[in-house]
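Reader: I would like a close look at one part of this protein, the nonpolar core. Please set that part against the whole chain.

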Amino acid sequence: MSITKLLAAQKIDRERLELLQALAKGSVKVELDKANQTIADSKKNLLQLEADAKNLKDNYEKLSKIITDTVALVKKANQTKSQDMGEYGEYLSKLSLFESQLADIERKIIEKSAAFKSATVSVVKASEFVKKNSQTYEQQKQKAAVQIKDLEAKFVAATQGIDEKLLAKYQAVRKNKAGDIKDVLVPLTADKRCQGCYMDVPAAITSKILADGWAVCEECGRIIYKA
């Protein structure tokens, strides 16, 4: 009698779980999760870009000063090049190198600026999407909440009179398998297997099922009953 009632209650419970799963994996929820992840990733990227930009700015200023100082040395060496042509050539070589490095920093600054702009646009677009669709999702949640509450009440009513030990075990397994909507209460197949995991059921467990009407599967933890 308890098994029959619990099988009927399990259908109600599965309907509740399917509703929860549909809500969690619905298109609106999935897209909202993606948008929120985009916002989080883009904000993290913006922080890194800001740090990179600061370093580039500092390096640019330092190198600009070095170039200014080197230009002064080149002018000075040029005035006395008849005395030390080697020193003059060395300054010119360094100046060329510094100017190349400065141009590279300028290129990186432009790239970082473009990346910063792109990340900012991503945050704005994703934020607009979240704002626009959050209300739709909240409405879906509210509607589902009413249905879930109704199903929970039906489950409680359907489990009245069921053996307390059996019901407690069902609820414990269901809690342990959170997110799994597969049946907790499964039949013993004709070839003595658990229909939950399809593993062979030991003779001792089979005997218990035949004697008591149900037993716990040693492999998957589900409740096996005599069909």
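Author: What follows starts with the whole chain, goes to the core, and ends with a few single residues.

This is a predicted model. The protein has five helices and three strands. Along the sequence they run α-α-α-α-β-α-β-β. The overall form is drawn out. The C-alpha trace spans about 115 × 45 × 25 Å along its principal axes. The radius of gyration is 36 Å, whereas a compact globule of 227 residues would come near 17 Å. Of the 227 residues, 30% count as buried. The accessible surface is about 14700 Å², and carbon and sulfur atoms hold 55% of that.

Now the core. The largest nonpolar core has 17 residues. Seven of its members touch the most other members: Ile-3, Leu-6, Leu-166, Tyr-170, Leu-185, Trp-214 and Ile-223. Which elements give two or more residues to this core? They are helix α1 (2-25), helix α3 (85-158), helix α4 (164-176) and strand β3 (223-225). The core therefore counts as buried throughout, because a nonpolar core is by definition a set of buried residues joined through side-chain atoms within 4.5 Å.

Take Tyr-170 as the close-up. Setting aside neighbours within four places in sequence, Tyr-170 is in contact with Leu-6, Gln-10, Asp-13, Phe-155, Val-184, Leu-185 and Ile-223. Among these partners, Leu-6, Leu-185 and Ile-223 are also on the list of core members with the most touches. Contacts across the sequence show up in the protein as a whole too. Among contacts between residues at least 6 apart, 68% join residues at least 24 apart.

Compare a residue of helix α2. Ser-42 is found in this helix, which covers residues 27-79. Is Ser-42 buried or exposed? Ser-42 has 10% relative accessibility, so Ser-42 counts as buried; the cut-off is under 20%. Leaving out neighbours within four places, Ser-42 is in contact with Ala-119, Ser-122 and Val-123.

Next, the loop between β1 (185-187) and α5 (203-212). Lys-192 lies in this loop. Lys-192 is not a glycine, yet has a positive phi of about 60°. Its relative accessible area is 38%, so Lys-192 is partly exposed. Tyr-198 lies in the loop between β1 and α5 as well. Phi of Tyr-198 is near 60°, again positive in a residue other than glycine.

Last, the charges. The protein has 39 positive and 31 negative charges. Their mean positions are 4 Å apart.

Terms used. Residues numbered from 1 in each chain as written. Predicted model: local features only at pLDDT ≥ 70, side-chain atom pairs only at ≥ 80, totals over all residues. Heavy atoms only, no water. Helix = DSSP H or I, 4+ residues; strand = E, 2+ residues; numbered from the N terminus. Rg over C-alpha atoms; globule rule 2.2 N^0.38 Å. Buried < 20%, exposed > 50% of the residue type's maximum accessible area, 1.4 Å probe, protein only. Contact = heavy atoms within 4.5 Å. Areas by Shrake-Rupley, 256 points an atom, 1.4 Å probe, with all protein chains shown as cover. Lys, Arg positive; Asp, Glu negative; His and termini not counted. Charge placed at Lys NZ, Arg CZ, Asp CG, Glu CD.
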